[in-house]
Amino acid sequence: MKSNLFSSDIFRVIIISLLGIIVAMLVGSLTIKMELLALVVTIALASGIVYLILVFKEPKIAFLSYVVYCFIISGLLRNNPQLPFGPAMEALLALSWLAIIFNYPKYNWKNLNNDHCILALVWFIINILEVLNPADASILGWLNEIRFTALNWLLVAPIAFLILNRKKDLNIFLIIIICMSVIATLYGMKQLWFGVSVGEQIWLDAGADLTHVLFGQLRVFSMYTDAGQFGASQAHVSLVALVLALGPFKLWKKIALGVAAGILFYGMLISGTRGALFALAAGGFFAIFLTKNFKVLILGSIICVLFYGFLKYSTIGSGSYQINRLRTAVDPKDASLNVRFNNQKKLRLAMEDLPFGGGVGITGVNGDKYNSDKYLSHIPPDSYWVKIWVMYGVVGLVVWFSIVMFILGKCCGIVWNLQDHGLRVKCIALTAGTAGLFFCSYGNEVMNGLPSSMMLYMSWSYVMLSPKLDKEKDANKYV
């Protein structure tokens, strides 16, 4: 009865009529009090209502809005810190799930019985239990941290299985992440060549210049949280675009993808992010391995060794800041690298009696904000792997590492057996990209930041879903 009521024309007419009456009353009241400004408010209100109607008719609209928003939220917050852009991200994700629940009879909920969703739930439960950690970290720090370390994973992982489970939806997802990444690089080029905005300059002057202006040269951060996230993300998506460019697709698509890969590689260079090299190297290895072309694997390995030698043992390109910055990644005497090693030595001593860690939110931004009275909060983790170790202890690190390695292994096994060549190339790109993000996160907190975390979870879901997509010939049919 409920599903019939919700889906009936009578119910929709009643809801729309009530909304119309409410809007009319609000417009009348606003016109009396605000005059001309009432027109702007009315247009915004009407647009919001139309958007909500569309979302509850087709929930994927809200989630695709969330995907785009993940790319721009940091830029919006940096340029407009007084506006509530942060909660809007959670609002879009919550709205997606409200609309899904509202339309629950339309979806195949059995699709959620898969390893990715189950492991995301297991990790979320572990995070809930961490509130009982005897290290006594701040509850507010815990609450703010699990939004990114566990809750987003739990909420994003099922989406591809429920509402975006067509081959066409996979294509749309790939188009969005590549296009938005290219736009981010173009904006980064604007920062490098023409300067940053007023809001971005204020952010730099507040202390970010210590890590983002080196030797008078800007480390480009674009619309992202920082240069580390920007560079690693561009390396990740550049690899995805390059793998797709080598797939069995139309010539114009190959050219477009190749150009996109080149632009994104340039984005990685101007970020000055040394760790992004690991995203390319590790992801490239996975991509070549999954093609089953071992001649190419050997050739790729030789190219990697030659590139390492170029950085390590030559001075070619020394006039370029970007190349010099990459050279520091293979220099064991680099000052910042040794600072990281020293921090890890301090953490090793502090963690000896904390097998379950210092608690979720004890380190990083939430450590500074909510746990400033704790020793662990004053030692930068400088790595997502190290951050997991500090928050969850060696026990939690082993569990987390095992979960990620199981998912990557599962994805590789799935890709290896796909029959649809086009789908297989897309899944190779997604698997290789996530492998690159994972290994790159040893150097920076990449896979826990936006937009990388969203792309990571969606990529794993699509690869896990791909055996069903492999059997379906119609790109528009839900599985």
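Let us start at Ile125, which counts as partly exposed because its relative accessibility is 42% (buried means under 20% relative accessible area, exposed over 50%, partly exposed in between, with a 1.4 Å probe and protein chains only). This is a predicted model, in which local features need pLDDT of at least 70, side-chain atom pairs count only at pLDDT 80 or more, and totals for chains, interfaces and linings use all residues. Residues are numbered from 1 along each chain as its sequence is written, and side-chain values use heavy atoms, with hydrogens and water left out.

Ile125 sits in helix α6 (helices are DSSP runs of H or I, at least four residues, numbered from the N terminus). Helix α6, residues 115–129, contributes three residues to a nonpolar patch, the most of any element.

Now turn to the inside. The largest nonpolar core has 120 residues, and Phe63 and Met458 have the most contacts inside it (such a core is a set of buried Ala, Val, Leu, Ile, Met, Phe, Trp, Tyr and Cys residues joined through side-chain atoms within 4.5 Å). Helix α18, residues 384–416, supplies the largest share of this core, 17 residues. In soluble globular proteins, nonpolar side chains tend to be buried together.

What is Phe63 in contact with, leaving aside its neighbours within four places in sequence? The partners of Phe63 are Leu93, Ser96, Val156, Ile159, Ile163, Leu164 and Met458 (contact means heavy atoms within 4.5 Å).

Finally, find Glu90 in helix α5, residues 85–102. Glu90 counts as partly exposed because its relative accessibility is 25%. Glu90 and Asn152 lie 62 residues apart in sequence, and their C-alpha atoms are 8.9 Å apart in space.

Definitions and conventions
Helix = DSSP H or I, 4+ residues; strand = E, 2+ residues; numbered from the N terminus.
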